[in-house]
Amino acid sequence: MANVVVVGAQWGDEGKGKIVDWLSERADVICRFQGGHNAGHTLVIDGEVFKLHALPSGVVRSGKLSVIGNGVVLDPWHLIKEIETIRGQGVEITPETLMIAENTPLILPFHGELDRARESQNSVAKIGTTGRGIGPAYEDKVGRRVIRVADLADAATLELRVDRALVHHNALRSGLGLEAIDRDALIAQLKEIAPKILQFAAPVWKVLNEKRKAGKRILFEGAQGALLDIDFGTYPFVTSSNVIAGQAATGVGMGPGAVNYVLGIVKAYTTRVGEGPFPTELHDEDGQRLGERGHEFGTTTGRKRRCGWFDAALVRQTCAISGINGICLTKLDVLDGFDTLKICVGYELDGKRLDYLPTAADEQARCKPIYEEMPGWSESTEGARSWNDLPAGAIKYVKRVEELIECPVALLSTSPEREDTILVTDPFSD
């Protein structure tokens, strides 16, 4: 059976949550494979809004197994609070419906404190992090001093891991003018939260490989977007993990052969939260209109998103890097009513034309978009559920996007509602 990876193909906020939720009806298992609770997925189901951050988007579907993989960094206190919130909306979450990989790294309170202290004292160039501690937790993972879910099960191991982490962090905090961490208080906090987390702990790699052998369909859910990838994003204004599809298998403990189809989620225009280059960013009435019509405020932070025209050169680049087989084009309805639409087809850099965004940060900042113009449409596309419901101008726009990014459209989303989706190619088809 086909297994599908869903990744963002821009700077995040493309609408992955709705699409993962929509696809999860066809899946048996839904896995988060990277990122932390800096991600924010908003689902609208029968008019009710669910805001998810650490939980996989498939958790609102009954009868499905949701998995938090080892590629994620997990704030245990935030997770328990989120579980309680979602349960309060009538969603059942039990160890039978949610599993956390035993080797998942934990975000601790001092990670967030360090994140915020660095950002506030950085006089060179702010990264624009959410301050949730995601970056410092990934640093500790690579530095071999992180505390993992399995460590919560043994008091002696837990204390050893805490002591190792504090040697590093207290030295850092001293340099930043922060007080030393209260070791005993931290250990007490961890021991208190441990049973609430350990009830969900499992050898996820083993469970998933058994599910695969049994022919179950697995849906891999990414967070953020390819342009925030630690290696291939607009560095240093990126997240601290690999976001692209290649991380899906590593982030849950499966081989690359487990992935059969990669679906890239792409807005019909472009947005970005935080700092960093953005070639097609608009500072005019069109940019304001996109932001207002698209309700462009971050699910996690509430920050206003920067808005701009669709950048085909960037999406073509991310499709190649993630090995995307097809895209889901979201928020097409936000473009309703524009007389003229623009699509970026490349860049001008120091008098030369480029068809990709260069790696060097200074060159990225100097890239000027080269636009192709298309007529817009006056009819509404909101809520369309078939090609026949779309105006001719919208269909031409979609077809031109396909040509420019060199990748077919597999799905179209025309509102936040689950069923307002046009299926062109089923990613789960064998």
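Okay, quick bit of vocabulary before we start: two strands count as paired if DSSP finds at least two bridges between them. And keep in mind that what you're looking at is a predicted model.

With that in hand, take strands 3 and 4. Strand 3 covers residues 41-45, strand 4 covers residues 48-52, and 5 bridges join the two, running antiparallel. If you want one pair to click on, His 41 has Leu 52 as its bridge partner in strand 4. Together the two strands make a hairpin, with 2 residues between them. Have a look at Asp 46 in that turn, because its phi is positive, about 50 degrees. As for strand 3 itself, 4 of its 5 residues are buried, so the rest of the structure largely encloses that strand.

Now, Asp 46 turns up again on the surface. Along with Glu 25, Glu 48 and Glu 419, Asp 46 forms a negative patch. Where does Glu 25 sit? In the loop between helix 1 (16-24) and strand 2 (29-32). Glu 25 is partly exposed, at 47% relative accessible area.

Okay, on to the open sheet. There are 10 strands in it, ordered 7-6-5-2-8-1-9-13-17-18, and the pairing is mixed. At the edges you've got strand 7 (201-202) and strand 18 (421-423); each has a single partner strand, so one side of each has no neighbour in the sheet. Further in, strand 9 (residues 261-267) runs parallel to strand 13 (residues 326-330), with 5 bridges joining them. Val 266, for instance, stands opposite Leu 329 in strand 13.

That's my tour, over to you.

Notes:
Residues numbered from 1 in each chain as written. Predicted model: local features only at pLDDT ≥ 70, side-chain atom pairs only at ≥ 80, totals over all residues. Heavy atoms only, no water. Patch = residues over 30% accessible without salt bridge, like charges linked within 9 Å, V, L, I, M, F, W, Y side chains within 5 Å. Areas by Shrake-Rupley, 256 points an atom, 1.4 Å probe, with all protein chains shown as cover. Salt bridge = Lys/Arg side-chain N within 4 Å of Asp/Glu carboxyl O. Lys, Arg positive; Asp, Glu negative; His and termini not counted. Charge placed at Lys NZ, Arg CZ, Asp CG, Glu CD. Buried < 20%, exposed > 50% of the residue type's maximum accessible area, 1.4 Å probe, protein only.
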